[in-house]
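Here is a short report on one protein chain. Please keep the sequence and the model open while reading.

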Amino acid sequence: MVTPRRPVALVLTGAADTRLLAQALPGWTVRATDSLDGTADIADPAAVRILVVRSGVEVGPGELDRLPRLADIIRAGSGLDGLDLGVIAARGIRVHRNPVPAADAVAEWALAATLSLARRIPLGHAALSAQTHLKAGCLTMPLTSARVAIWGAGPVGRATARALTGHAAEIAYAQQASIEPGLPQIPADELPGWADIHINALPHTSTTHRAFGPAFLTAAQPRRPLLVVVGRLATVDLPACVEALDNDALGGLALDPVDRQHMALLPRPTVPRNLLVTPHIGAQRTDVRTALDQWVADLAATLADASGPGMREAA
């Protein structure tokens, strides 16, 4: 087997600043690609040692078979969904992520979405776009009297709680053993009957898959809550939530983690709804992008000669 002359850092388009990465990796080749599927034209796949991914990218056995010398995967953000961690670990590939720089930006979006739903702005806008005037339908309670439940106490969940402090009457986290002492917590099965607003900041796992579905919606229906999703879209049963919105069991729904592959799942705008949908823009702020691009470049430089299995997460 001929050893490639130059190792390759492969970057999914939009995942990192390839110019900055090339400066950090002298002697390496930095290449960008739009996908990792079988149709992707990846020159010298056996030379790829570092892979930089973004959200919405699948990395499993098929993709790894095409990259036999891959040593490190860098995720410039928090989400690990799409990464087959069992297969990756079994092949001795290290995974690195950094959820911290984006947390305040995502929390800013969560605050904006909460304010928007609370004032029923998406409903009023959608109705006017359909030539209907729904002023009376936009009468709401003040946000300052609302109780807010935060599902997920990672960097994004904690930042969102900070952003909402002073805007809501009470804020509490869904109780978890891993939550640091001192944070207000309520058992998860009590939150649907307690909260007026639910902030979903959950990762996608086997236990959170479609967690916000019929059982949650039935329990929460008496309060007609707002549901703001900054976690992964797969944590939501989207058809059930839209049906609840249309049946007035949900007071509003905001979804940010909509990647390109999710677009076909979105409801058609057949009727005005208090529904806010954005194309995964929570972390799309220039300061966040700059910080993450620099982190990727610095980490890649450190990893250039690294070896051995394991997983690291930025503190």
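Which residue in β9 is the bridge partner of Ile 150? The partner is Ile 199.

This is a predicted model, in which local features need pLDDT of at least 70 and side-chain atom pairs count only at pLDDT 80 or more, while totals for chains, interfaces and linings use all residues. Residues are numbered from 1 along each chain as its sequence is written, and side-chain values use heavy atoms, with hydrogens and water left out.

## The chain as a whole

The chain has 10 helices and 13 strands. Helices (H or I, at least four residues) and strands (E, at least two) are DSSP runs, numbered from the N terminus. The radius of gyration is 21 Å, which agrees with the value near 20 Å for a compact globule of 315 residues. That radius is taken over C-alpha atoms, and the globule rule is 2.2 Å times the number of residues to the power 0.38. Along the principal axes, the C-alpha atoms fill a box of roughly 70 × 50 × 35 Å.

Of the 315 residues, 47% count as buried. Buried means under 20% relative accessible area, exposed means over 50%, and partly exposed lies in between (1.4 Å probe, protein chains only). The accessible surface comes to about 15300 Å², and 54% of this belongs to carbon and sulfur atoms. These areas come from the Shrake-Rupley method with a 1.4 Å probe; for residues, only the protein chains shown count as cover.

Contact means heavy atoms within 4.5 Å. Among contacts between residues at least 6 apart in sequence, 62% join residues at least 24 apart.

## The seven-stranded sheet

Seven strands form an open sheet with parallel pairing, in the order β8-β7-β6-β9-β10-β11-β12. The edge strands are β8 and β12, each pairing on one side only. Two strands pair if DSSP finds at least two bridges between them. In general, strands of a sheet pair through backbone hydrogen bonds, either parallel or antiparallel.

Start with β9, residues 197-200. Both of its faces are covered. Ile 197 and Ile 199 are buried on one side, and His 198 and Asn 200 are buried on the other. β9 pairs with β6 (residues 147-151) over four parallel bridges. Four bridges also join β9 to β10 (residues 226-229), again parallel. Here Ile 197 stands opposite Leu 226, and Ile 199 has Val 228 as its bridge partner.

Now take β7, residues 170-174. Four of its five residues are buried, so β7 is largely enclosed by the rest of the structure. β7 pairs with β6 in the parallel sense over four bridges, with Glu 170 as the bridge partner of Arg 147. The chain crosses from β6 through α6 to β7 in a right-handed β-α-β crossover. β7 also pairs with β8 (residues 185-186), in parallel over two bridges, and Tyr 173 stands opposite Gln 185 there.

β9, helix α8 (residues 214-220) and β10 make another β-α-β unit, which is right-handed. Right-handed means that, with the strands pointing away from the viewer, the path from the first strand over the helix to the second runs clockwise.

## Four residues to inspect

| Residue | Location | Relative accessible area |
|---|---|---|
| Thr 160 | helix α6 (residues 155-164) | 1%, buried |
| Thr 278 | loop between β12 (275-277) and α10 (286-303) | 12%, buried |
| Asp 248 | loop between α9 (238-246) and β11 (252-255) | 41%, partly exposed |
| Arg 210 | loop between β9 and α8 | 45%, partly exposed |

What does Thr 160 touch? Leaving aside neighbours within four places in sequence, Thr 160 is in contact with Ala 107, Ala 110, Ile 150 and Ile 199. The last two are bridge partners across β6 and β9.

Thr 278 touches Trp 109, Leu 255, Asp 256 and Val 258, not counting residues up to four places away in sequence. The side chains of Thr 278 and Asp 256 are joined by a polar contact of 2.7 Å. A polar contact is a pair of N or O atoms within 3.5 Å; within protein, one must be able to donate a hydrogen and the other to accept it, and residues adjacent in sequence count only if both atoms are side-chain atoms.

The two loop residues Arg 210 and Asp 248 deserve a look at the backbone. Most residues other than glycine have a negative phi. Arg 210 has a positive phi of about 50 degrees. Asp 248 also has a positive value, near 70 degrees.
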